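Work through the exercises below with the sequence and the structure in view. Each task is followed by a solution in steps.

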Amino acid sequence: MTTRFATRRIYTRPGKINNASGDFVCDCCGTFVSVHVALSGVGNRNHCPYCLASRHMDQFEPGDRLSACKAPMHPIGLTFKRTAKKYRGHQPGELMLVHQCEGCGKVSINRIAADDDIEAILSVLEQSADLDRDTRALLERERVMLLDTDQHDLVRHCLLGIHFADAWQE
Ligand SMILES: [Zn+2]
Ligand SMILES: [Zn+2]
């Protein structure tokens with residue numbers, strides 16, 4: 001038996017993941033963000049709850065932190081998670097944030113956390129109307145269907161659902 005790989009890597013540079021639990025200081029708005037599951041309601045908090053900015057940390061799956069990119073990722077729109085079950089009555093899939101990396105252009109779909117700012121999410125929806133043609137084409141290739149900007153009420157409804165579900169668990 002060997003213990004060669006037992007050492008955990010701990011990031012200490014400012015703006016980087018700064019402890020083993022993954023808490024971080026947002027590069028975009030400077031807020032300290034705790035990844036504690038009791039606050040966010042999700043197991044993998046990967047974006048700031050105030051400005052919704054993220055970093056390109058993951059390569060293959062959420063939380064793997066294998067990407068070498070590490071550039072900021074900004075929310076560019078909202079989408080519904082595609083589910084394996086095609087027909088779920090009137091229930092749409094889970095509302096998700098679409099992030100794009102400033103450095104390499106990678107698009108990723110992320111769960112919205114219970115403490116994410118509702119107004120910030122709604123303004124992402126509004127701003128997604130201004131996406132350029134290239135970004136739209138990229139999303140189409142990635143098969144990400146953005147929500148229409150007039151779906152405010154639906155989004156609000158979904159967000160309240162996320163907050164309510166969180167309160168219910170306490
Ligand atoms: Zn922030
Ligand atoms: Zn990147």
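**Exercise 1. Find the residue in E6 that stands opposite leucine 97, then describe the pairing of E5 and E6.**

Step 1. Leucine 97 faces asparagine 110 in E6. Strands here are DSSP runs marked E of at least two residues, helices are runs marked H or I of at least four, and both are numbered from the N terminus. The model is predicted: local features need pLDDT of at least 70, side-chain atom pairs count only at pLDDT 80 or more, and totals for chains, interfaces and linings use all residues. Residues are numbered from 1 along each chain as its sequence is written, while chains are lettered from A and ligands numbered from 1 in the order in which they are written.

Step 2. Another pair across these strands is glutamine 100 and valine 107 in E6.

Step 3. Five bridges link E5 and strand E6 (residues 107-111) in the antiparallel sense; two strands count as paired if DSSP finds at least two bridges between them.

Step 4. E5 and E6 make a hairpin with five residues between them. In its turn, glycine 105 has a positive phi of about 85°.

**Exercise 2. State the order of the strands in the open sheet and name its edge strands.**

Step 1. The open sheet has four strands in the order E3-E4-E5-E6, with antiparallel pairing.

Step 2. Strand E3 (54-55) and E6 are the edge strands, as each pairs on one side only.

Step 3. E3 and E4 run antiparallel and are joined by two bridges. Here serine 54 has methionine 73 in E4 as its bridge partner.

Step 4. Strand E4 (residues 72-80) and E5 are also antiparallel, with seven bridges. Histidine 74 stands opposite glutamine 100 in E5.

Step 5. In general, strands of a sheet pair through backbone hydrogen bonds, either parallel or antiparallel.

**Exercise 3. Is strand E5 mostly covered or mostly open, and which element gives the most to the largest nonpolar core?**

Step 1. E5 (residues 95-101) is mostly covered, with six of its seven residues buried. A residue is buried if 20 or more other C-beta atoms lie within 10 Å of its own, exposed if 12 or fewer, and partly exposed in between, with C-beta atoms placed from the backbone.

Step 2. The largest nonpolar core has 24 residues. Such a core is a set of buried Ala, Val, Leu, Ile, Met, Phe, Trp, Tyr and Cys residues joined through C-beta atoms within 7 Å. Among the members that touch the most others are Leu78, Met96, Leu97 and Val98.

Step 3. At least two residues of this core come from each of E4, E5, helix H2 (118-127) and helix H4 (152-169). E5 gives the most, with four residues.

Step 4. Leucine 78 is in contact with Leu95, Met96, Leu97 and Val98, among others, leaving aside its neighbours within four places in sequence. Contact is counted when the C-beta atoms of two residues, placed from the backbone, lie within 7 Å.

**Exercise 4. Which residues of H2 are buried, and where do they lie around the helix?**

Step 1. Ile121, Val124 and Leu125 are the buried residues of H2.

Step 2. Seen down the helix axis, these residues fall within an arc of 100°, so they line one face of H2. The arc is that of the directions from the helix axis to the C-beta atoms.

Step 3. Glu119 and Glu126 are exposed residues on the face of H2 turned away from the buried side.

Step 4. Leucine 125 counts as buried because it has 21 C-beta neighbours inside 10 Å. Not counting residues up to four places away in sequence, leucine 125 touches Leu78, Leu147, Thr149, His152 and Val155.

**Exercise 5. Lysine 70 and arginine 143 have positive phi values; find where each residue lies and how exposed it is.**

Step 1. Lysine 70 is in the loop between E3 and E4, and its phi is near 65°. Lysine 70 counts as partly exposed because it has 17 C-beta neighbours inside 10 Å.

Step 2. Arginine 143 is in the loop between helix H3 (133-141) and H4, and its phi is near 60°. Arginine 143 counts as exposed because it has 8 C-beta neighbours inside 10 Å.

**Exercise 6. State the average pLDDT of the protein chain.**

Step 1. The average is 81, and 75% of the residues score at least 70. pLDDT is the predictor's confidence in each residue, from 0 to 100.

Step 2. Over residues 5-18, pLDDT stays under 50.
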